[in-house]
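Reader: I should like to learn how to read burial, contacts and overall form from a single model. Could you take me through the features one at a time, with the general idea before the case?

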Amino acid sequence: MRREIETKYRVRDPGALVAALGAAGVVLGAPARQDDQAYAPRGWDPSQGKAGFTFARLRTQGREHILTTKTPMADAMECAEQETAVADREAAHGVLTALGYVPHVRIVKTRRTGSAGPIGVCLDEVEGAGMFLELELVVEDGRDGRAAQAGLDAWARGLGVDLERTTDTYDVLVRAAPA
């Protein structure tokens with residue numbers, strides 16, 4: 001089973017973070033705009049939490065569309081994940097709604113990506129929510145998700161910049177942002 005394990009941080013000083021990432025050998029790519037439509041199962045309410053539910057996302061970046069499902073495991077930052085390219089975003093939207101998914105929140109961000117060995121590094125400016133550092137591991141083994149998150153957190157703290165860790169996903173952060 002493919003799992004994505006991640007940690008996320010609100011960034012207070014993007015310039016200091018970019019410099020620290022560079023010093024750590026992380027080369028960030030060019031900024032790319034991502035337009036994500038998140039979907040929730042019909043009848044799901046945020047007060048129920050995410051465990052036990054499978055969510056979907058349609059992402060457009062440039063001319064590419066990616067359909068992803070995420071099923072949270074121990075917490076919302078550790079998910080079983082399936083992903084595939086789709087040719088037609090509107091048709092994929094129709095499939096998802098026919099399967100009982102409801103558009104939940106739109107998340108638009110500018111993302112720069114890099115890596116530090118097996119760690120995926122994303123610097124995201126999320127419209128309406130701010131700047132975030134996201135660290136992720138994609139694994140297919142049985143490693144402990146919380147231990148992996150602790151390792152990611154130690155790596156982030158080792159950068160020596162002021163970061164505020166959050167366990168909220170982008171859909172929660174965007175929904176909570178003032179209009």
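Reader: Let me begin with a single side chain: is Leu159 buried or exposed?

Author: The model is a predicted one, and what follows should be read with that in mind. The general idea is that a residue counts as buried when its relative accessible area is under 20% and as exposed when that area is over 50%. Leu159 has a relative accessible area of 13%, so it is buried, although its place is in the loop between α3 (145–157) and β9 (163–166).

Reader: Which residues is Leu159 in contact with, once its neighbours within four places in sequence are left aside?

Author: A contact list of this kind tells us what surrounds a residue through the fold and not merely along the chain. For Leu159 the list consists of Leu17, Ala20, Leu21, Ala24 and Leu133. With Ala24 the separation in sequence is 135 residues, while the C-alpha atoms are 7.4 Å apart in space.

Reader: How should I read a loop residue such as Pro31, and is it buried or exposed?

Author: Pro31 belongs to the loop between α1 (14–23) and β2 (32–41), and because its relative accessible area is 57%, it counts as exposed. Beyond its neighbours within four places in sequence, Pro31 is in contact with Thr110, Arg111 and Arg112. The C-alpha atoms of Pro31 and Leu123 are separated by 9.1 Å, with their positions 92 residues apart along the chain.

Reader: Arg111 appears in that list, so where is Arg111 placed, and what does its side chain make polar contacts with?

Author: For a charged residue it helps to take the element, the accessibility and the polar partners in turn. Arg111 sits in strand β6 (residues 101–116), and its relative accessibility of 9% is why it counts as buried. The side chain of Arg111 makes a polar contact of 2.7 Å with the side chain of Asp124, and another, of 3.3 Å, with the side chain of Glu134. Residues up to four places away in sequence aside, Arg111 also touches Pro31, Arg59, Cys122 and Tyr170, among others.

Reader: Which side chain does Lys109 join in a polar contact?

Author: Lys109 is likewise found in strand β6, and with a relative accessible area of 2% it is buried. Its side chain and that of Asp36 are joined by a polar contact of 2.7 Å. The contacts of Lys109 outside its sequence neighbourhood of four places include Gln34, Arg59, Asp124 and Tyr170.

Reader: Is Glu4, a negative side chain, buried or exposed?

Author: Glu4, in strand β1 (residues 3–11), is buried, its relative accessible area being 8%. The polar partner here is Lys70, with 2.9 Å between the two side chains in the contact. Further residues that Glu4 touches, beyond four places in sequence, include Met77, Cys79, Glu136 and Leu137.

Reader: What is the relative accessibility of Leu135, and which residues lie around it?

Author: Leu135 has 0% relative accessibility and therefore counts as buried; its place is in strand β8 (residues 130–139). Leaving aside neighbours within four places in sequence, its contacts include Ile5, Thr7, Tyr9, Val121, Leu152 and Trp155. Between Leu135 and Val121 the C-alpha distance is 4.9 Å, and the two are 14 residues apart in sequence.

Reader: How many helices and strands does the chain have, and in what order do the elements run?

Author: A list of elements gives the frame into which the single residues can be placed. The chain has 4 helices and 9 strands, and from the N terminus on these follow the order β-α-β-β-β-β-α-β-β-β-α-β-α.

Reader: What does the radius of gyration of the chain agree with?

Author: The general idea is to set the value against that of a compact globule with the same number of residues. A compact globule of 179 residues would have a radius of gyration near 16 Å, and because the chain has 16 Å, the two agree. Along the principal axes, the C-alpha atoms fill a box of roughly 50 × 35 × 30 Å. Of the 179 residues, 48% count as buried, and among contacts between residues at least 6 apart in sequence, 64% join residues at least 24 apart.

Reader: How many positive and negative side chains does the chain have?

Author: There are 22 positive and 26 negative side chains, and the centres of the two sets lie 2 Å apart. The accessible surface comes to about 9,000 Å², with 52% of it belonging to carbon and sulfur atoms.

How values were computed
Residues are numbered from 1 along each chain as its sequence is written. This is a predicted model: local features need pLDDT of at least 70, side-chain atom pairs count only at pLDDT 80 or more; totals for chains, interfaces and linings use all residues. Side-chain values use heavy atoms; hydrogens and water are left out. Helices (H or I, at least four residues) and strands (E, at least two) are DSSP runs, numbered from the N terminus. Buried means under 20% relative accessible area, exposed over 50%, partly exposed in between (1.4 Å probe, protein chains only). Contact means heavy atoms within 4.5 Å. A polar contact is a pair of N or O atoms within 3.5 Å; within protein, one must be able to donate a hydrogen and the other to accept it, and residues adjacent in sequence count only if both atoms are side-chain atoms. The radius of gyration is taken over C-alpha atoms; the globule rule is 2.2 Å times the number of residues to the power 0.38. Accessible areas come from the Shrake-Rupley method with a 1.4 Å probe; for residues, only the protein chains shown count as cover. Lys and Arg count as positive and Asp and Glu as negative; His and the chain ends are not counted. The place of a charge is taken as NZ of Lys, CZ of Arg, CG of Asp or CD of Glu.
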